Amino acid sequence: MTLAPREQVQGHDRPPDAEPAPRSRRAPTAPPWWFALPALVLFAFVVLLPSARGVYYAFTDWDGLDPDLSFVGLDNFSAMLRDADAQQAIWHTLLIAVSITVIQNAVGLVLALGVNTAIKSRHVLRVFLFAPAVITPIVTAYLWRNLLGPDGAANSLLGAMGLGSWEQDWLGDPGLALWAVVGVIVWQYAGYSMVIFLAGLQSVPREVHEAASIDGAGPVRRFWSVTRPLLAPAFTINLMLSIIGGLKLFDQVYALTGGGPGHATDTISTLIYKDAFTLGEFGYSIALAVVLTIIVAVASTGQYLVLSRNERAAS
């Protein structure tokens, strides 16, 4: 019997559906680096080429004005080894950088631990402690220059408290001026370190502290064994920023003391400025700048390698 068309099995007369074609996989492509080409060209024109030309001037006797200059080889660098002012400036730079790094981060960590509590004024305290970091360094330096002067507020306060024997010429005494500069830098940037440490503290799970408390660990033991290893990234960031900033320090030192009294607070940066724009020894000053660049590169690279290794060990 012949079935009517409507009674025929559905799909009997249609060809089977074709299998879907496999999707073609796209070959991985390299990032389009040419997008960055304009920025790289500008960076090379503004930074790399002037830096390379500056390194060349470090081997000349250029005075900054005369287009006629002579190639003197390593004379500027050998003169640096005989220059007592340059050696003293290098020592001051290293001393300031290490002192700022240690004191600023210690104070910042203590402040972060203090405001990372349940006290009601913690938000206000965070604002006040961080506020100095947003003030222009020159403004901060001139403010403290007036406070620490012979007739400044610091000596007036000591006299009002009956501590007149403690009054000092804080920025005019060669034995105190360097540490006064360090104190001003720590005062300004301790809040900056505090914020970074505070971010690290708030990322530590509370359950870890609770478990340590249940195991009988006290506050000091919990910090040393639980909190400190988890703060390794914050330590890395803070120490790197502090050491690099300390080595390049110029604004606050020059505004506070001008490198004085005498050369008691001269750093490499202030000596570069004096040799270039006061004495007209641009070749020698650029040689000092090259030495400063090498010191910053070696110190930051070595510190990063050590801290990153400690960070991996802590994790």
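Ala 154 counts as partly exposed, because its relative accessibility of 26% falls between the cut-offs of under 20% for buried and over 50% for exposed. This residue belongs to helix 6, which spans residues 153-160. A look at its surroundings brings in Trp 170: the two residues are 16 residues apart in sequence, and their C-alpha atoms are 9.2 Å apart in space. These values, like the others in this passage, come from a predicted model.

Stepping back to the whole chain, the protein contains 13 helices and zero strands. Its pattern, read along the sequence, is therefore written with one α after another: α-α-α-α-α-α-α-α-α-α-α-α-α. The protein has 315 residues, and 33% of them count as buried.

How do two of these helices pack against each other? Helix 3 (residues 84-115) meets helix 7 (residues 177-202) at an angle of about 45 degrees, and the two axes are 6 Å apart. That angle makes helix 3 oblique to helix 7, since angles under 35 degrees would count as roughly parallel and those from 65 to 115 as roughly perpendicular. The crossing of helix 3 and helix 7 also has a hand, and it is right-handed.

Helix 12 offers a good example of a covered element. This helix runs over residues 268-277 and is mostly covered, with eight of its 10 residues buried. Among the buried residues are Ile 268, Leu 271, Ile 272 and Ala 276, and the list also includes Ser 269, Thr 270 and Asp 275. Lys 274 is on the list of buried residues of helix 12 as well, and this lysine has a charged partner. Its side chain forms a salt bridge with that of Asp 266, at 3.1 Å from N to O. Are the two partners buried or exposed? Both Lys 274 and Asp 266 turn out to be buried. A search of the whole structure finds one salt bridge.

The surface has a feature of its own to show. A nonpolar patch of about 690 Å² is made there by Leu 42, Phe 43, Phe 45, Val 46, Val 47, Leu 48 and Leu 49. One of these residues, Phe 43, lies in helix 1, which covers residues 37-57. Phe 43 has a relative accessible area of 42%, so this residue is partly exposed. The value also fits its place in the patch, because patches are made of residues with over 30% relative accessible area.

Note on methods: Residues numbered from 1 in each chain as written. Predicted model: local features only at pLDDT ≥ 70, side-chain atom pairs only at ≥ 80, totals over all residues. Heavy atoms only, no water. Patch = residues over 30% accessible without salt bridge, like charges linked within 9 Å, V, L, I, M, F, W, Y side chains within 5 Å. Areas by Shrake-Rupley, 256 points an atom, 1.4 Å probe, with all protein chains shown as cover. Salt bridge = Lys/Arg side-chain N within 4 Å of Asp/Glu carboxyl O. Helix = DSSP H or I, 4+ residues; strand = E, 2+ residues; numbered from the N terminus. Buried < 20%, exposed > 50% of the residue type's maximum accessible area, 1.4 Å probe, protein only. Axes fitted to C-alpha atoms, helices over the stretch in contact; angles between N-to-C directions. Parallel < 35°, antiparallel > 145°, perpendicular 65-115°, else oblique. Left-handed = near helix turned anticlockwise from the far one by under 90°.
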